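Let's take a walk through this protein together, from its overall build down to a few single residues. Have a look at the fold before reading on.

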Amino acid sequence: MRKINDRIYLGMISGTAGFVALTLIDVISSSMKISQRSYRTTAAGVWVASRRQAEKWPGQILGVMMNIGLSMIGGVAVVKMLTTFGRDKLVPKGLFFGATFGSIITAMLSGLSSNKVKPKDAWSNLSFMVSHFAFGLATIFTAAKIGDDTLFDTPPQNDYLKPTKQTTEQLKGPKSDDILYSDINPNLEGTTIM
């Protein structure tokens, strides 16, 4: 499988995968009556005049579209986080991102005075948090697995010093008609010329 090397596109795909995980947990929670309102109904409540309108199919489509858009924004932020801080410790980073991003979005949706559908019970909000944990994990694992390795190379800390770690391209080795110069060994010992 060809990996994605565009950060924005990778963020959009990863955010969509996170949206699927969020929606799955949210649907299960709503069907088990743990949550009073689905997350898409809460999102639609910002733009419609009543709960009844938010629960009809145009309101549900509006809520899904808003969730996809917010999820893609979250996906781009996850890619930025991974390319800046590395692909290690994905579970804690995913849970951290899901909790913080989910808390901010839920607070924004519930805090708006125009939202007629905001849930006020603890179980619904806890359900939303579990959904956001799933969002964070799915988004971060998708970005880490389908993102091209060159996106995650660490830049040199100082441009004046020779790097102590090889980049992904150097580790892969030379292609035909390429000369591999070693940044670690300035005498070019142990390098290959093809």
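One term before we set off: a residue is called buried when its relative accessible area is under 20%, and exposed when that area is over 50%. Keep in mind, too, that what you see is a predicted model.

Now for the overall build. The protein has seven helices and zero strands, so if you trace the chain from the N terminus, the elements simply read α-α-α-α-α-α-α. Of the 194 residues in the protein, 39% are buried. How much of the contact map joins residues 24 or more positions apart? Taking the contacts with a separation of 6 or more, such pairs account for 67%.

Let's head for the inside. The largest nonpolar core has 20 residues, and the ones with the most contacts inside it are Leu 10, Val 78, Leu 82, Phe 97 and Ile 140. Helix 1, helix 4, helix 5 and helix 6 each put in at least two residues of this core. Helix 6 has the largest share, with six residues.

Leu 82 is a good one to zoom in on. You'll find Leu 82 in helix 4. Is Leu 82 buried or exposed? Its relative accessibility is 0%, which is under the 20% cut-off, so Leu 82 counts as buried. Setting aside residues up to four places away in sequence, Leu 82 touches Arg 87, Leu 90, Lys 93, Ile 140, Ala 143, Ala 144 and Phe 152. Pick out Phe 152 from that list: Leu 82 and Phe 152 are 70 residues apart in sequence, yet their C-alpha atoms are 7.1 Å apart in space.

Next come the gaps. Rolling a probe the size of a water molecule over the atoms shows where empty space is left. In this structure there are two cavities of 30 Å³ or more.

The largest cavity holds about 70 Å³ of space. Around it sit Leu 22, Tyr 39, Asn 67, Leu 70, Ser 71, Phe 101, Ile 105, His 132 and Phe 135. Helix 4 (57-85), helix 5 (90-111) and helix 6 (122-146) each supply at least two residues of this lining, and helix 4 gives the most, with three residues. What classes of residue make up the lining of the largest cavity? Six are nonpolar, three are polar, and no charged residues take part.

The second largest cavity has a volume of about 40 Å³. Its lining is made of Phe 19, Leu 22, Thr 23, Asp 26, Tyr 39, Arg 40, Val 64 and Asn 67. Two or more of these residues come from each of helix 1 (7-31), helix 2 (39-44) and helix 4. Here it's helix 1 that gives the most, with four residues. Sorted by class, this lining has four nonpolar, two polar and two charged residues.

Back to one residue in the wall of the largest cavity: His 132. This histidine is found in helix 6. Its relative accessible area is 3%, which is under 20%, so His 132 is buried. What does the side chain of His 132 reach at 2.8 Å? The partner is the backbone oxygen of Phe 128. Leaving out residues up to four places away in sequence, His 132 touches Leu 22, Tyr 39, Gly 98, Gly 102 and Thr 106. Two of those names, Leu 22 and Tyr 39, also appear in the lining of the largest cavity.

To finish, let's step out to the loops. Most residues other than glycine have a negative phi. With that in mind, look at Lys 33, in the loop between helix 1 and helix 2. Lys 33 is not a glycine, but its phi is positive, at about 65°. Lys 33 has a relative accessibility of 72%, which is over 50%, so Lys 33 counts as exposed.

Further along, Lys 89 sits in the loop between helix 4 and helix 5. Lys 89 also isn't a glycine, and its phi is positive, near 50°. Where does Lys 89 fall, buried or exposed? Its relative accessible area is 60%, which is over 50%, so Lys 89 is exposed.

Methods. Residues are numbered from 1 along each chain as its sequence is written. This is a predicted model: local features need pLDDT of at least 70, side-chain atom pairs count only at pLDDT 80 or more; totals for chains, interfaces and linings use all residues. Side-chain values use heavy atoms; hydrogens and water are left out. On a 1 Å grid over the protein atoms alone, a cavity is a set of points where a 1.4 Å probe fits but cannot get out, and a pocket is an open set with protein on both sides within 12 Å along at least five of seven lines; lining residues have an atom within 4 Å of a point. Grid points are joined across faces, edges and corners, and a volume is the space filled by probe spheres set on the points. Ala, Val, Leu, Ile, Met, Phe, Trp, Tyr, Cys and Pro count as nonpolar, Asp, Glu, Lys and Arg as charged, and the others, Gly among them, as polar. A nonpolar core is a set of buried Ala, Val, Leu, Ile, Met, Phe, Trp, Tyr and Cys residues joined through side-chain atoms within 4.5 Å. Buried means under 20% relative accessible area, exposed over 50%, partly exposed in between (1.4 Å probe, protein chains only). Contact means heavy atoms within 4.5 Å. A polar contact is a pair of N or O atoms within 3.5 Å; within protein, one must be able to donate a hydrogen and the other to accept it, and residues adjacent in sequence count only if both atoms are side-chain atoms.
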